[in-house]
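Student: Could we go through this model together, a piece at a time? I'd like to ask about whatever catches my eye.

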Amino acid sequence: MPKSWTDDAQAPEVLKDHAHLKDSFFYTIKRRLLGNPLNRHSLNHQRLSKRYGLGILSSDCISSSAYGSEQILIALLPAFGLAAFAILMPMTAIVLVILLIITLSYRDVINVYTKVGGAYIVSRDNFGPVVAQIAAVALMLDYIVTIAIQSAAGVAAIISTFPSLSPYKIPMILVVIVLLTYGNLRGVKEAGKAFALPTYFFVGCMFIVFSVGLYKQFNGTLIKLSVEQPGAIEIGQEQGLLTFAAIFILLRAFANGGSSLTGLEAISDGVALFKTPEHVNARRTLYIMSTLLGTLVLGVSWFAHKIHAVPYESGTPTVISQIAKAIMGDGAIGQIMFVMVQLATMLILFAGANTTYSAFPLLVNFVATDGYLPRQLTKRGHRLAFSNGILLLAGGGIFLVLITAGSVEHLVAFYALGVFTGFTLAGFGMTRHALRHKTGQWRAKVFINGLAGTISLLVVIIFSVVKFTQGAWLVLITAPILVMAFLRLRRQYTREQEALSVKRHQERATSIARHDVTILVDSVDIATVGAIRYARSLKPRNLTAVHFVIDDRRAEQIQKAWAKSDALDDVTLELIDCPDRRLANAALDYAIRMTEKPDVELTLLLPRRAYSGFLGRLLHDQTAEEIAAPISQLPRVVATIVPFDVARITSGATIELNHPREVRKVVKSTTPTPKTDAPVNIEPISHYAENVTKIGEIQWRKRAQVQGRVTSIKTAPRGAAPALQVEIWDETGGVSLQFLGRRDIAGLEVGSQMRAEGMVGEDEGSMVILNPSYELLV
C-alpha cells in the first residue's frame, strides 16, 4: 500500500477490536452465576491493621471455643458421671498450657517467616519437600474437616434457638457449604472488613454473658441445671481415675479438648496481609487471639462446670447455648440476649468456615506449584479465585458431612489429628532452624519449639490411639496414601520436565537442510485437498502422498480419483502395502525409513475429519490420534493432525461472531484524493499534547497523549536491532507504541495501565506513536 501522503495514501486508522466467538451456553451460565470475569491486574493485597487482622484471621480459632469444652464433657460424662464437671477444669487447664506453648512457637514462626509461614513452608524449608508433604496432607485434611465441623456447629447453634428445624439439619449444613462456596467462587475476599464483625460480636456477647454469670455467682443466684433431661447424653457412675479404662477415657477427653486449638496457624499464614512492620503487627495479633481464645475456653468450661450443662445426643441444644440461657434468664432481656449469643455463635462459626476457602486454595496452590499436586490447582478462575481448590474443599466437606450425618462429635474424630500434626512439624522445623542459624536467644527458641513439637507429637499419638475406632483410622490410612501419591506425581512431573528441557547441544540447533512432507491419505476429498494446500505452504523439498493399502479395491479407487483431480496433479501418490492392517506400525516404519539420513526432517500430515459428538465417534474411527502418538516419539519426525469440521458442513452452520464493543471510527472510508503538497496542519514536533485524548479520536500527523491498558508487548529477536512494540487500548480503540533502541521497559507488564505522548504516525495502515514519552500508572 502507499507509504506516505505523496503516494496517495489513505489516512491510517486506529486498531479496532477483532471479532470474538459467541459465548457458549455453559460460559453464559457461568457468567450469569458468577458475574463478569475479573482482570488479573485487579488482584490486590489489602493491608490489615491489627484490629481488622484479629477479626478476620482469628474467627476460625476463636470459634472453636464454642464446642471445645462440650467435646470434653461428651467423653467424660458417660464414664465419670457428675465428677466429670470437676475433671473438666484441670483438663481445660492442660489445654490452656498447650495453647501457651504453641503460641510461643508460632511467635517464632512469624518472626522468621515474615511473608508466608505455616507448617508447610516451615517443613519445606527445614526438612525438605518430602516431609513437607506430610504437613500438606495434614493441613489439607484439617481444612476439609474445618469446613464440615464449623458449618455443622453453626447449624447446631441455629437449631438450639429454633428446635423445630432439627429434621432439616443435614440440608441446612449442605446449603451453608454451597452458599459459602458460591460466594467465594464469585470472588468474595477473606480480607474484606465485613468478616471482622462476627469475631468482635461473638467475643462481646460472651463477655457480657460471663460478666452477668460472675455477678450471679458472687451473689448466689446462678442456677444449676438438671442433668436428667430427655435427649441428654447418658450420665455414668463415678469411678477411680487410676484404672486403665479411666486413663484411656481421660486421654480421649483431652484429645477432644484439643479441637479448641484449631486455627492457631492462621496468623502465621497471613503475615503478609498486615501493615508494616508485618511481623510485629502479626505477632501482637497472635498474642491477643490466644488470650481471647484462652479466656473464652476457660469461661465456657467454668460456667459449664458451675451450672452442670450436659451435652445432648443430637448435638442441640449446645453447651454454650445452655450457659447463655441459664445465665441471662427467661425474661425479655434474657431472651433477646440468648438470641444474640446464638446469632453471634452462628456467625463466627460460619465466618470460621469461610476462612478455609482462603487458606485451603492457597495451600494447594503452594503444593501444586512445587509439583506435588495437579497444576490445575495453581490456576485462578473466572473471578480470580483458585476455583479448583475451592471446589475440591467444598466436595471434601460435603462428603464428610454426609458420612458423619453432620455430627460435630464424629467430625472431631477427624479434626485435631491433622491440626497437631501441623503443630508438630512447625515446632520441630523451627527447632532445626534455630540449631542451624544460632542467632539471638537460640537456646530459648530450641527449648520452646522443641517442647511445642514434642507435646504436639504426644497429642498426635494419643489421638491416634484413643480415637482410632471413632474415625482416626481413616485419617491414618488416607494420609500415607496421599503422601505417596504426591511424591509419585512429583516424580512424573520431573520426568516430563527433563524430557522437555532444552539440552546444551540443542541450544544452537539450526534448521534441518532437507525437510520433506508426507500426507497420509485415506480418501480423496476436500479434507485431503486442504491438507495438501497446507503442505505446500511449508515449502518442503519433497511433497508426497502415501496410502497404506489394506483393501485393494479401495486403493484402486483412491488411485483413480487422485489421477482425475486437477488440485493434486503435482503431488505423487505412493501406495504401500500394509498386510497386517496395523496402520500405526506401517506409518512408524515409513517415518524411520524416510529419516535414515541425519540431515532429513519429516513432517507427516494426517487429515482428521471431525464429526458430530457421540454419533460421530460411533460411526467413524479415530485413526489419526492412534498414528500420531507413536510417530511423535521419533527424532526429526513431526506428526501434525490437520482437522476438518465435517459436522459444521453437514449442519449448514457457520461460526457466529460477536463484537464485544463498537470502536468509534476516526476516518470514514472514502476514496483517496491525490495529494500534491504536504499537509499544512502538521503540528511542530516540539508541541506537547497536554490533555489525554481517547485513542479512537487521535489524528494522523498530530501529537497526542493517550492512556490505555497494555494488551501486547513484542520484542525484537536477539539477533536483530533492539526494538520494542507495545499495544495499548482504551474503550475506543488501540494504538501501537514503538520504542527503537531498547528491548524492555522496567515495570511494564501485559495488563498494566500506561500513558504515552508523541507524534502519531502510521505503519502498514495502522496508527503508531514512535518513541513516545511515557508513564506507567499504578
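Tutor: What follows is a walk through a predicted model, taking one helix, then a strand residue, a cavity and a few loop positions in turn.

Student: Let's start with α20, then. How many residues does it have, and how far does it reach?

Tutor: Helix α20 covers residues 552–564, which is 13 residues, and it reaches 19 Å from its first C-alpha to its last, close to the 18 Å expected at 1.5 Å a residue.

Student: Which residues of α20 are buried?

Tutor: A555, I558 and W562 are buried in α20. They cover an arc of only 60° around the axis, which puts them on the same side of α20.

Student: Why would residues spaced three or four places apart point the same way?

Tutor: An α-helix has 3.6 residues a turn, so residues at that spacing point the same way.

Student: And what covers the buried residues of α20?

Tutor: The cover includes α19, β3 and β4, the last of these being residues 572–577. On the face turned away from the buried side, α20 carries the exposed residues R553, A563 and K564.

Student: Which residue caps the N-terminal end of α20?

Tutor: That is D551, which has a side-chain oxygen lying 3.0 Å from the backbone nitrogen of R553.

Student: Switching to T603: where does it lie, and is it buried or exposed?

Tutor: T603 lies in strand β5, which spans residues 600–610. With a relative accessibility of 8%, T603 counts as buried, because the cut-off for that label is under 20%.

Student: What does its side chain make a polar contact with?

Tutor: The side chain of T603 makes a polar contact with the side chain of H515, at 2.8 Å. If its neighbours within four places in sequence are left aside, T603 is in contact with H515, D516, V517, T518, L538, V638 and T640.

Student: Now for empty space. How many cavities of 30 Å³ or more does the structure hold?

Tutor: There are two cavities of 30 Å³ or more, and the largest cavity has a volume of about 40 Å³. Its lining is made up of Y106, A119, L139, D142, E265, V419, G422 and F423.

Student: Which helices supply at least two residues of that lining?

Tutor: Both α7 (129–161) and α16 do so, and the largest share of the lining, three residues, comes from α16.

Student: Staying with α16, what about G427? Buried or exposed?

Tutor: G427 lies in helix α16 and is buried, with a relative accessible area of 0%. Not counting residues up to four places away in sequence, G427 touches S105, N449, G450 and G453.

Student: And how far apart are G427 and I455?

Tutor: G427 and I455 are 28 residues apart in sequence, and their C-alpha atoms are 9.4 Å apart in space.

Student: Last topic, backbone angles: which residues other than glycine have a positive phi?

Tutor: Among them are K438, with a phi near 50°, and K539, with a positive phi of about 50°. K438 lies in the loop between α16 (408–437) and α17 (442–466), whereas K539 is found in the loop between α19 (526–537) and β3 (542–549).

Student: Is K539 buried or exposed?

Tutor: K539 counts as exposed, because its relative accessibility is 69% and the cut-off for that label is over 50%.

Conventions:
Residues numbered from 1 in each chain as written. Predicted model: local features only at pLDDT ≥ 70, side-chain atom pairs only at ≥ 80, totals over all residues. Heavy atoms only, no water. Helix = DSSP H or I, 4+ residues; strand = E, 2+ residues; numbered from the N terminus. Buried < 20%, exposed > 50% of the residue type's maximum accessible area, 1.4 Å probe, protein only. Expected span 1.5 Å × (residues − 1). Arc of directions from axis to C-beta. Contact = heavy atoms within 4.5 Å. Polar contact = N/O pair within 3.5 Å; in protein donor to acceptor, adjacent residues only side chain to side chain. 1 Å grid on protein atoms, 1.4 Å probe; cavity = no way out; pocket = protein on both sides within 12 Å on 5 of 7 lines; lining within 4 Å. Points joined across faces, edges and corners; volume = space filled by probe spheres on them.
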